[in-house]
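Visitor: I would like a close look at the aromatic rings in this model, one pair at a time. Please take me through them slowly, and then show me what else lies in the chain around them.

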Amino acid sequence: MFINISPLKQYRDFRLLFFGQMISFLGSMVSYVAIPYQVYELTKDNWLVGLLGLVQLGPVLIFGILGGTYADRLDRRKLLLVSEFLLSLMILGLTLNAWSDKPSVPLIFILVALFQSIMGFHRPAMDALTQKIVDKKDYAAVGALGSFRYSAGAIVGPALGGILIASFGIKGAYLFDFISFVAAFVALYLMSKIPNPEKRDNSPWTDAKEGLKYAVSKPELIGTYLIDIVAMAFAFPVALFPSMSEQWGGASAAGFLFSAMAVGSLVMTVFSGWTSKVSRHGRAVVIAATLWAVFIIGVGYAQHLWVALVFLGLAGAADMMSGLFRGIIWNETVPNELRGRLSGIEMISYMSGPLIGNARAGWMAAKVSVPFSISVGGAICAVAVIVTAFCLPKFWRYHGHASHTS
């Protein structure tokens, strides 16, 4: 069964939000290539390029929770408008820095950290707003459409970034991203006004603690967080793609490696209609994360580029399968008055894992070898996922509501 696009036809505000954020994400993926490319071009230092990820980890941990708290206190549409405006200023700063005679590397790091801090407010507000403008029966379809938006941007964006950098330089890539944020701002502005969340007398920190308390009280939520962090922390191989590509043709091979998982994710999303018929959501997440680990082990043993690409594509599909069911669990479990705060916690879970995973992969590869780092990481991941599921029996047994039974 193909992806369900009925929410795009049925809800005008969701349609504006979806396409605005699709354009914005495409631009962000262009900068995803441009920022590390520029840092390496200016410094020729791989360690400094790696530090870009660590610079983002602090803002993710701090502002993921704080941003989610404010998403439950403020007008979410206005919060998104302000976030889009500030994000566009960060990209404009990168553009102007690239235009200078001597671009500043410290300024790039500062702007990247500020960008990620603002994203801590943007993403929870967007997730909470989405839940407010569609009916509950469409949550699964909305999750699949969001996954499609991500996968399509993750495939097209890096390729477009490479073309823009080759044709117009770093400045052209950043300028495209800036324009994409302007487009997203216009789409948000055209949306209908959304009722404000219920007024709260508690302080933001009290609300943040309330969100954390709710999250830890739900085994089904704890399971989604821990399974994803474990899967990414032990088996995220992206930092090793440049090294892997050297034996298979250099930059062109690296481009294929970087896009392979997104291709698998997109295929899974396009054919995701079957997920609405599944009710054992916790079990589906565990199975998907275990498959991710198995396919990553295959990447570690790959002797040819096409074999590595096939396993990466399968791993991307498994990761998307996990993401789809985790999204359904979040939407079914979290009440709207807590949605912003819990979205912030969700963001921490799915963003911190890859940052930690890249550091682990790079360290282990430097100590032993790239194949060892990937295959052993995958094996540890498989064991860790199974152990985590065993320790959370309520998550394994979590039973949601398939569309045909609701």
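**The aromatic rings and their surroundings**

Guide: Phe115 and Phe181 are both buried, and we shall come back to these two residues after a look at the other rings. Please keep in mind throughout that this is a predicted model.

In total, the structure holds four aromatic pairs. One of them joins Phe18 and Phe19, whose ring centres are 5.2 Å apart and whose planes make an angle of 85°, an arrangement called edge-to-face. Phe18 has a relative accessible area of 3%, and because anything under 20% is called buried, this residue counts as buried. Phe19, with a relative accessible area of 39%, is instead partly exposed. The rings of Phe115 and Phe181 also form an edge-to-face pair, because their planes stand at 70°, where over 60 is what that name requires, while their centres are 6.1 Å apart. Of these two residues, Phe115 belongs to helix α5 (residues 105-133) and Phe181 to helix α6 (residues 139-190), so their pair ties together parts of the chain that are 66 residues apart in sequence.

Beyond single pairs, there is also a cluster, in which ring pairs link Phe14, Phe18 and Phe19. A ring can have a charge for company as well: the charged end of Lys171 sits over the ring of Trp99, at 5.1 Å from the centre of that ring.

To see where these rings belong, it helps to step back to the whole chain, which has 15 helices and zero strands. Of its 406 residues, 54% count as buried. If we take the contacts between residues at least 6 apart in sequence, 87% of them join residues at least 24 apart.

Another aromatic residue, Trp292, takes us to the empty space inside, for Trp292 is among the residues that line the largest cavity. The structure holds two cavities of 30 Å³ or more, and the largest encloses about 40 Å³ of space. Besides Trp292, its lining is made of Asp228, Ala231, Met232, Ala289, Asp319 and Ser322. Sorted by character, the lining residues are four nonpolar, one polar and two charged. Three helices, α8 (219-235), α11 (281-301) and α12 (305-333), each supply at least two residues of this lining, and α8 gives the most, with three residues.

Two further residues can be examined in the same careful way. Ala384 is found in helix α14 (residues 370-391), and its relative accessibility of 17% makes it count as buried. When residues up to four places away in sequence are not counted, Ala384 touches Val230 and Phe234, so that an aromatic side chain appears here too. Ala384 and Ala293 are 91 residues apart in sequence, and in space their C-alpha atoms are 9.8 Å apart.

Ser352, finally, has its place in helix α13 (residues 339-367), and with a relative accessibility of 6% it counts as buried. Once the neighbours of Ser352 within four places in sequence are left aside, this residue is in contact with Leu57, Ile229 and Met347.

Terms used. Residues are numbered from 1 along each chain as its sequence is written. This is a predicted model: local features need pLDDT of at least 70, side-chain atom pairs count only at pLDDT 80 or more; totals for chains, interfaces and linings use all residues. Side-chain values use heavy atoms; hydrogens and water are left out. Rings of Phe, Tyr and Trp (its six-membered ring) pair if their centres lie within 6.5 Å; planes under 30 degrees apart count as stacked, over 60 as edge-to-face and the rest as tilted. Buried means under 20% relative accessible area, exposed over 50%, partly exposed in between (1.4 Å probe, protein chains only). Helices (H or I, at least four residues) and strands (E, at least two) are DSSP runs, numbered from the N terminus. A charge sits over a ring if NZ of Lys or CZ of Arg is within 6 Å of the ring centre and within 35 degrees of the ring normal. On a 1 Å grid over the protein atoms alone, a cavity is a set of points where a 1.4 Å probe fits but cannot get out, and a pocket is an open set with protein on both sides within 12 Å along at least five of seven lines; lining residues have an atom within 4 Å of a point. Grid points are joined across faces, edges and corners, and a volume is the space filled by probe spheres set on the points. Ala, Val, Leu, Ile, Met, Phe, Trp, Tyr, Cys and Pro count as nonpolar, Asp, Glu, Lys and Arg as charged, and the others, Gly among them, as polar. Contact means heavy atoms within 4.5 Å.
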